[in-house]
Amino acid sequence: MLATLLSFLGVAVLLSLLPGPATALVVRSAALHSRRHAFLTVLGNSTGILGWALASVLGIAALVAASEAAFTALKVAGAIVLVVLGIQALRGREQKAERRKQSVGRGAYGQGLMTSAANPKLAVFFVALFPQFVPRGYPVLPTTFAMALMLIAVDLVYFTALAWVVARARRTIVGSRLARRVEQLTGAVMIGLGVRVALEQR
């Protein structure tokens, strides 16, 4: 059992390091707002991962992975979320201070949750990969939950460190033209990821 969990830990680290929508969203949150905003985004993303883990136990993830319509619906929803966030970044920082303050709570967490929940690749991941790490004879629910917590823990460590680095770098460029360029680049990346998600095949 220990060897299996260690093997899965290696897979979790690799998955976290691979650039994707979650990475772009965390970088955007840290670059445009703050470390706290980015951390709430990470928490939302982690909640979505936990939800997919539980969905895999209940068989919902398998249904999404097998159903072309469900997969396409999630794919389109995820692409829309990414593109909208990218457009917002391209449009610039026009929000009032009060609106920014409100977004630190529900907005940041909700963005992370939506991006994770609307990611059809997570459904495929939990259906195709998770069962391989459940040792024969072990209860599925506790083992799946333990692996999901490991994946979430790795994500929290990595994305929190990433947010800290980006937020620290942001302090040196706030108010400069470079800050606007970074914002525009982040928006372009988000839109590009949205297009990639829309064109993805299972």
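This is a conversation between a learner and a teacher about reading the helices of a predicted model.

Biologist: Let's begin with the overall picture. How many helices and strands does the chain have?

Modeller: Start by listing the elements from one end to the other. This predicted model has nine helices and zero strands. Read from the N terminus, the order is simply α-α-α-α-α-α-α-α-α.

Biologist: What share of the residues in the chain is buried?

Modeller: Of the 202 residues in the chain, 43% are buried. You can also ask how contacts are spread along the sequence. Taking contacts between residues at least 6 apart in sequence, 87% join residues at least 24 apart.

Biologist: Now a single helix. How far apart are the end C-alpha atoms of α3, and what span should its residues give?

Modeller: The idea is to compare an expected span with the one in the model. Helix α3 covers residues 35-58, and at 1.5 Å a residue its 24 residues should span 34 Å. Its end C-alpha atoms are 35 Å apart, which agrees.

Biologist: What does the chain do just after α3?

Modeller: Look at the backbone there: glycine 59 takes a positive phi of about 90 degrees.

Biologist: Next, pairs of helices. At what angle do α2 and α3 pack?

Modeller: For any pair, read the angle, then the distance between axes, then the residues that touch. Helix α2, residues 21-32, packs against α3 at an angle of about 155 degrees, and the axes are 7 Å apart. An angle over 145 degrees counts as roughly antiparallel, so that is how α2 and α3 run relative to each other. The crossing of α2 past α3 is right-handed. On the α2 side the contact is made by Ala22, Leu25, Val26, Ser29 and Ala30, and on the α3 side by His37, Ala38, Thr41, Val42 and Asn45.

Biologist: Many of those numbers are three or four apart. Why would such residues point the same way?

Modeller: An α-helix has 3.6 residues a turn, so residues three or four places apart point the same way. Keep that in mind as you look at the contact of α2 with α3, which by class has six nonpolar, four polar and no charged residues.

Biologist: And how does α2 pack with α5?

Modeller: Helix α5 spans residues 68-91, and α2 packs with α5 at an angle of about 25 degrees, with the axes 12 Å apart. That angle makes α2 roughly parallel to α5. Here the crossing is left-handed. Pro21, Leu25, Arg28 and Leu32 of α2 make the contact with Leu82, Leu85, Gln88 and Ala89 of α5. Sorted by class, the contact of α2 with α5 has six nonpolar residues, one polar and one charged.

Biologist: What about α3 and α7?

Modeller: Helix α7, residues 120-128, packs with α3 at about 45 degrees, and their axes are 9 Å apart. That makes α3 oblique to α7. The crossing of this pair is right-handed. Ile49, Trp52, Ala53 and Ser56 in α3 meet Leu122, Ala123 and Phe126 in α7. This contact of α3 with α7 divides into six nonpolar residues, one polar and no charged.

Biologist: Can we zoom in on single residues? Does glutamine 111 count as buried or exposed?

Modeller: Compare its relative accessibility with the cut-off: buried means under 20%. Glutamine 111 is in helix α6, residues 97-117, and at 15% relative accessibility glutamine 111 counts as buried. Leaving aside residues up to four places away in sequence, glutamine 111 touches Leu25, Arg28, His37 and Leu85.

Biologist: Where is leucine 50, and which residues does it touch?

Modeller: Leucine 50 is in helix α3 and, at 24% relative accessibility, counts as partly exposed. Beyond residues up to four places away in sequence, leucine 50 touches Phe145, Ala148 and Ile152. Leucine 151 is 101 residues from leucine 50 along the chain, yet their C-alpha atoms are separated by 9.1 Å.

Biologist: One last residue: where does alanine 198 lie?

Modeller: Alanine 198 lies in helix α9, residues 177-199. With a relative accessible area of 37%, alanine 198 is partly exposed. Alanine 198 and threonine 72 are 126 residues apart in sequence, but 8.4 Å apart in space, C-alpha to C-alpha. Not counting residues up to four places away in sequence, alanine 198 touches Lys75 and Ala79.

Key
Residues numbered from 1 in each chain as written. Predicted model: local features only at pLDDT ≥ 70, side-chain atom pairs only at ≥ 80, totals over all residues. Heavy atoms only, no water. Helix = DSSP H or I, 4+ residues; strand = E, 2+ residues; numbered from the N terminus. Expected span 1.5 Å × (residues − 1). Axes fitted to C-alpha atoms, helices over the stretch in contact; angles between N-to-C directions. Parallel < 35°, antiparallel > 145°, perpendicular 65-115°, else oblique. Left-handed = near helix turned anticlockwise from the far one by under 90°. Contact = heavy atoms within 4.5 Å. Nonpolar A, V, L, I, M, F, W, Y, C, P; charged D, E, K, R; others polar. Buried < 20%, exposed > 50% of the residue type's maximum accessible area, 1.4 Å probe, protein only.
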